[in-house]
Amino acid sequence: MAGFVRYSLPRRAFWRGPELAVAAVLTALCLALPTHNPTGDAWYYAACSRWGHELWQPHHLIYNGVGWLWLRLLGATGPGPAGNAALPWLQALNSLAYGGCLLLLGPLLRRAGVRPAAVPAWLLAVGSTFGMLRFAVENEAYIQPLLAALGASLAWAQALGSTSFTGDATRSETPTVSAMVIDKAAGNQPDLRLRWLLLAGLLAALACLLHQMLVWWWLGLLLGLHPWRGRRALGAALAYAAPALLVPWAYWLAAPPGGGALGAGRFALHDYLTGAARVGLGSRGWLLTPINLVRTLGQVHGNLWPLLRRWPLLLGVVAAGCLALAVWAIMGSRPKLDSKQEASNRQLLKPVLSASQAVFAPGPAAARRLRRTHGLIGALQVGFVVLSAGNAEFMVLLPALAALGLAGGGLRAWPARRVAALGAALLLWNVAVGLVPARLLTFTAAGPALRTAAQQQPAAWFILLDPNPLRNQLHYYTGQPVAPARVLGLAGQDSASFRAWLRRQLAGGAVVYTDALGGPQPLDRARLTLGNPATLLGGFGARRVMVLPTFLGPYYLSKLALPAAAGPRRSHPSAKASAPATTGAAR
């Protein structure tokens with residue numbers, strides 16, 4: 001490996017001081033502000049990594065395993081106070097992975113034709129998007145695969161031999177294909193281009209194992225090698241694609257024994273076959289995709305209005321400052337370009353280079369190919385998002401892809417100071433209304449009080465708007481994958497069957513609690529897509545037994561009863577119930 005680096009990398013600095021400063025400041029900010037409101041999935045992944053349970057998940061095969069290795073290294077597994085710190089340590093791991101993404105993005109931007117002086121500004125803009133920041137402070141499986149994918153792109157770009165790592169987009173440190181072979185001191189060594197392609201394929205396969213959605217990144221890099229352009233290009237594509245064989249092999253090892261290849265395939269597609277993840281073209285996807293694209297840039301959520309009501313002056317000043325910065329930045333985003341640059345921009349989205357261009361073209365041609373390839377990856381990812389009902393989590397890749405596709409081409413003349421102003425506006429807004437409130441305030445009712453009530457009454461039923469946080473918290477703190485408490489969710493229940501079941505339980509003397517009556521109603525994606533499942537409880541009696549305070553207002557734990565045969569009935573209107581805050585494909 002030492003020889004590989006010795007004869008491949010230029011001797012000048014891989015990173016520059018301003019780029020390191022931007023990455024360090026943003027990473028330190030994320031390390032200081034881990035969320036105090038983990039999602040249900042975040043609790044589940046932390047529980048699995050802490051106790052060594054269910055380390056291989058179909059949708060993101062090795063994410064829990066990576067977390068388990070990290071916690072083992074830190075001594076934060078198993079019972080006791082050290083194990084209770086597993087979730088914060090896993091959040092810190094994602095913050096570090098976020099910093100790694102910025103470090104890899106800098107050299108890639110220079111290779112894509114971005115002026116070196118503008119690279120720190122673009123890093124600030126990309127790193128300040130809410131799509132990046134929200135997962136940098138959470139234990140979710142989206143930042144680590146992005147880190148592996150950017151590493152794959154950097155190795156792919158090195159094989160392409162476009163420009164130096166130090167960012168001069170007009171010339172190449174490897175001007176010819178022969179220059180990609182080692183110098184005389186190395187002796188008879190294989191072509192380093194193939195080594196870089198193998199490394200790119202290996203990292204892209206690792207990204208797919210960390211999350212299946214990275215298959216589009218892998219495919220885009222493969223198509224970017226133009227395997228249809230002759231024997232040499234096909235050989236390069238095969239060298240890149242060969243490590244992908246590790247993916248089916250890993251799924252075969254992780255699948256339940258005895259199923260063979262078909263069983264491994266069913267395991268890999270488990271979430272889609274069971275309905276935990278859905279793919280389909282519908283109006284919901286077209287509606288939510290543009291909404292969540294905006295949310296990927298800046299935090300816009302149902303929590304925003306309560307925050308503005310609580311601190312109108314402070315957040316009003318923040319909003320005015322961010323708006324002023326953003327307007328000033330955007331006004332300079334379309335400077336007058338010369339005819340040569342305009343012609344280059346018109347060619348930006350062409351799928352392939354002209355037939356006369358060499359497969360491993362130097363300089364600007366390779367920079368164009370890098371931009372086009374990552375533009376293609378971005379288009380594939382957006383298409384997948386539309387098919388996935390506009391899933392905002394799958395958009396975490398888009399800021400980096402947009403920068404790689406546009407910053408060195410159509411937006412190359414955008415002044416760096418204006419790009420930096422846009423990044424500062426995004427950072428100020430997303431920290432003020434996203435990261436800081438999530439760190440200091442409580443938005444979810446699934447906290448210690450509800451967890452204690454469930455542990456003290458294992459025979460009772462808890463019918464919750466979102467059962468995953470409580471269920472997975474019990475797993476995290478007790479080490480029992482199947483919680484002793486009986487926890488159910490309201491969302492997705494068939495009305496007639498559920499109401500008949502509830503009547504039988506109550507008639508048999510069972511104790512049934514719910515948090516769906518009388519709480520706040522934040523406007524979020526779950527409410528837009530699922531409606532109000534608390535209407536399933538209409539007509540049943542209810543008595544409040546516990547207040548669950550949150551920043552949004554109090555939720556109430558109510559004890560349900562059969563409808564009274566006659567006379568007044570004490571209940572809470574189901575219209576006051578809040579919608580579930582779903583977190584994805586939890587258990």
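This section describes the fold, the nonpolar cores, one helix pair and several individual residues of a predicted model.

The chain has 587 residues, and 55% of them count as buried. Its secondary structure comprises 26 helices and five strands. Contacts across long stretches of sequence are frequent. Among contacts with a separation of 6 or more, 78% join residues 24 or more positions apart.

The largest nonpolar core contains 126 residues. Within this core, the most contacts are made by Y98, L109, W122, L150, W217, Y240 and F462. Helix 9, spanning residues 143–160, is the main contributor, with 12 residues. Two domains supply residues to the core: domain 1 (17–164 + 192–333 + 361–440) and domain 2 (448–561). The core therefore lies between the two domains.

F462 illustrates the packing in this core. Beyond its neighbours within four places in sequence, F462 is in contact with L450, A453, A454 and Q457. Its other partners on that basis are R486, V487, L488, Y513 and L557. A further core lies apart from the largest one and has 17 residues. L490, F498, V512 and L536 are among its members.

Helix packing was examined for one pair. Two packed helices are described by the angle between their axes and the distance between the axes. Helix 10 covers residues 192–210, and helix 13 covers residues 246–254. Their axes come within 9 Å and cross at roughly 35°. The crossing is right-handed. On the helix 10 side, the contact is made by L202, A205, C208 and L209. These residues meet L246, V247, A250 and Y251 of helix 13. The contact consists of eight nonpolar residues, with no polar and no charged ones.

W51 sits in helix 3, which runs over residues 40–51. Its relative accessibility is 22%, so W51 counts as partly exposed; the cut-off for buried is under 20%. W51 links distant parts of the sequence. Y477 is 426 residues away along the chain, yet the two C-alpha atoms are 9.7 Å apart. With neighbours up to four places away set aside, W51 is in contact with G78 and P79. It also contacts the run H475, Y476, Y477, T478 and G479.

Two residues other than glycine have a positive phi. E54 has a phi of about 45°. This residue lies in the loop between helix 3 and helix 4 (63–74). E54 is partly exposed, because its relative accessibility is 38%. H226 has a phi near 55°. Its loop joins helix 11 (215–224) and helix 12 (231–241). H226 counts as buried, because its relative accessibility is 3%.

Three further residues are buried. L465 is placed in the loop between strand 1 (461–464) and helix 24 (468–478). Its relative accessibility of 4% makes L465 buried. L465 and L517 are separated by 52 residues in sequence and by 9.5 Å between C-alpha atoms.

L315 belongs to helix 18, which covers residues 312–331. L315 is buried, because its relative accessibility is 5%. V433 lies 118 residues from L315 in sequence, with a C-alpha separation of 8.0 Å. Residues up to four places away aside, L315 touches L307, L308, A432 and V433.

M395 occupies the loop between helix 20 (363–387) and helix 21 (398–406). M395 counts as buried, because its relative accessible area is 0%. M395 and V382 are 13 residues apart along the chain, and 7.6 Å separates their C-alpha atoms. Leaving out neighbours within four places, the contacts of M395 include T289, N292, L293 and T296. V385 and G390 are also in contact with M395.

Note on methods:
Residues are numbered from 1 along each chain as its sequence is written. This is a predicted model: local features need pLDDT of at least 70, side-chain atom pairs count only at pLDDT 80 or more; totals for chains, interfaces and linings use all residues. Side-chain values use heavy atoms; hydrogens and water are left out. Axes are lines fitted to C-alpha atoms, for helices over the stretch in contact, and angles run from 0 to 180 degrees between N-to-C directions. Helices (H or I, at least four residues) and strands (E, at least two) are DSSP runs, numbered from the N terminus. A crossing is left-handed if the near helix is turned anticlockwise from the far one by less than a right angle, and right-handed if clockwise. Contact means heavy atoms within 4.5 Å. Ala, Val, Leu, Ile, Met, Phe, Trp, Tyr, Cys and Pro count as nonpolar, Asp, Glu, Lys and Arg as charged, and the others, Gly among them, as polar. A nonpolar core is a set of buried Ala, Val, Leu, Ile, Met, Phe, Trp, Tyr and Cys residues joined through side-chain atoms within 4.5 Å. Buried means under 20% relative accessible area, exposed over 50%, partly exposed in between (1.4 Å probe, protein chains only). Domain bounds come from an automatic or database domain assignment.
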